[in-house]
Amino acid sequence: MTEQINKLFKNLETNKIKPIFAENKNEAVKIVESMLFDGAVITWGGSMSLIECGIDKLLREEKYNFLDRGRAGITPEEQQECFKASIGADFFFCSANAITENGEIVNVDGLSNRVSSIAFGPKKVIMVVGENKIVPNIKEGFLRVKKIAAPKNCVRLNKDTPCAKLGHCVSLLNNDNPDISDGCKCNDRICCNYLVSSLQRDKDRLHVILVNEDLGY
Ligand code: SF4
């Protein structure tokens, strides 16, 4: 592990967030598999990092009770039921928009089922995070959302936002130091709720599997 990752892990432990190192995607899948149990109720935040690792396929295995809010043909009512059931789930899987060397986890959400599940509800939250998402501090974490995560996700999700066309948040047009919530005013905006996970009271409810590869945005 690099000096930067050592520092990050020490600070995550101080914040009562469990850090786990995975050398690559395959190792991450094995770590996740070792944490699960038959019949576990599992939800997720729809993450490119999980998809790139193949973890979404693992979660769909029949021995688990995977509540997939994104499955083909799901009705709006069934999707709402998935979101409601998430609060009592055994596991919630997602990635993070950024993770600071100080051991804080930065997430920005539009629909906001992800930030709400991270903050409260599911018994365990497992975040699978590529080393490309490590930043020095919270400010850089939110800038990472404006420069990388939100524009790429807006393109992926076909959102009609300025960043999908510009490749960066509109707030950066004439300002390299915008406030956290500066941005567009459009209905498709995916930056609506801002969450920093710092010291947790429920020790090891949050897990970070840090993968020593680039993952997601
Ligand atoms: S505030 Fe709007 S333009 Fe800025 S990153 Fe978010 S969705 Fe894109």
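These are my notebook entries on what I looked up in this predicted model.

**Entry 1. Parallel strands around β4, β7 and β10**

I began with strand β4, which covers residues 91-94. I noted that both of its faces are covered, since Phe91 and Phe93 are buried on one side and Phe92 and Cys94 are buried on the other. I then looked up the pairing of β4. Strand β2, residues 41-44, runs parallel to β4 and is joined to it by 3 bridges. Within this pair, Trp44 has Phe93 of β4 as its bridge partner. Strand β7, residues 124-130, also runs parallel to β4, and 4 bridges join the two. There I found Phe92 opposite Val125 of β7.

From β7 I followed the bridges to β10, residues 206-211. The two strands run parallel and share 6 bridges. Val125, the residue opposite Phe92, has Leu206 as its bridge partner in β10. I next recorded β1, residues 18-22, which runs parallel to β10 with 5 bridges between them. The partner of Lys18 in β10 is His207.

Is β10 enclosed or open? I found 6 of its 6 residues buried, so the rest of the structure largely encloses this strand. Leu206, Val208 and Leu210 are the buried residues of one face, and His207, Ile209 and Val211 are those of the other.

**Entry 2. The open sheet**

I looked up a sheet of 4 strands and found it open, with the order β8-β5-β6-β9 and mixed pairing. β8 (134-135) and β9 (193-197) each have a single partner strand, so each edge strand has one side without a neighbour in the sheet. I then checked the pair at the β8 edge. Strand β5, residues 98-100, runs parallel to β8 and is joined to it by 2 bridges. Ile99 has Ile134 of β8 as its bridge partner.

**Entry 3. Helix α7**

I turned to α7, which has 19 residues. From first C-alpha to last, α7 reaches 25 Å, close to the 27 Å expected at 1.5 Å a residue. I also noted a kink of about 45 degrees, centred on Val145. Val145 is itself buried, and the buried residues of α7 also include Phe142, Leu143, Arg144 and Lys146. Further along the helix, Ala149, Ala150, Pro151, Asn153 and Cys154 are among the buried residues too. What covers these buried residues? I found β5, β6 (105-109), β8 and α8 among the covering elements. Just after α7, Asn158 takes a positive phi of about 60 degrees.

**Entry 4. The shell around the ligand**

Which residues come nearest to the ligand? Of the 14 residues around the ligand, I recorded Cys163, Cys169, Gly183, Cys184 and Cys191 as the nearest. Two elements, α7 (138-156) and α8 (162-166), give two or more residues to this shell. α7 gives the most, with 3 residues. By class, I entered 9 nonpolar, 3 polar and 2 charged residues for the shell.

**Entry 5. Loop residues**

I closed with three residues in loops. Asn24 lies in the loop between β1 and α2 (25-35). I assigned Asn24 as exposed because 11 C-beta neighbours lie inside 10 Å, and the cut-off for exposed is 12 or fewer. Setting aside residues up to four places away in sequence, Asn24 touches Val211, Asn212 and Glu213. Val211 is also one of the buried residues of β10. I further noted that Asn24 and Val41 are 17 residues apart in sequence and 26 Å apart in space, C-alpha to C-alpha.

The other two loop residues were looked up for their backbone angles. Most residues other than glycine have a negative phi. Lys16, in the loop between α1 (3-14) and β1, has a positive phi near 60 degrees. I recorded Lys16 as partly exposed because 16 other C-beta atoms lie within 10 Å. Asp204, in the loop between β9 and β10, has a positive phi near 65 degrees. Is Asp204 buried or exposed? I recorded Asp204 as exposed because 11 other C-beta atoms lie within 10 Å.

Note on methods. Residues are numbered from 1 along each chain as its sequence is written. This is a predicted model: local features need pLDDT of at least 70, side-chain atom pairs count only at pLDDT 80 or more; totals for chains, interfaces and linings use all residues. A residue is buried if 20 or more other C-beta atoms lie within 10 Å of its own, exposed if 12 or fewer, and partly exposed in between; C-beta atoms are placed from the backbone. Two strands pair if DSSP finds at least two bridges between them. A residue is near a molecule or strand if its C-beta atom, placed from the backbone, lies within 6 Å of it. Ala, Val, Leu, Ile, Met, Phe, Trp, Tyr, Cys and Pro count as nonpolar, Asp, Glu, Lys and Arg as charged, and the others, Gly among them, as polar. The expected span of a helix is 1.5 Å times one less than its number of residues. The bend at a residue is the angle between axes fitted to the seven residues ending there and the seven starting there. Two residues are in contact if their C-beta atoms, placed from the backbone, lie within 7 Å.
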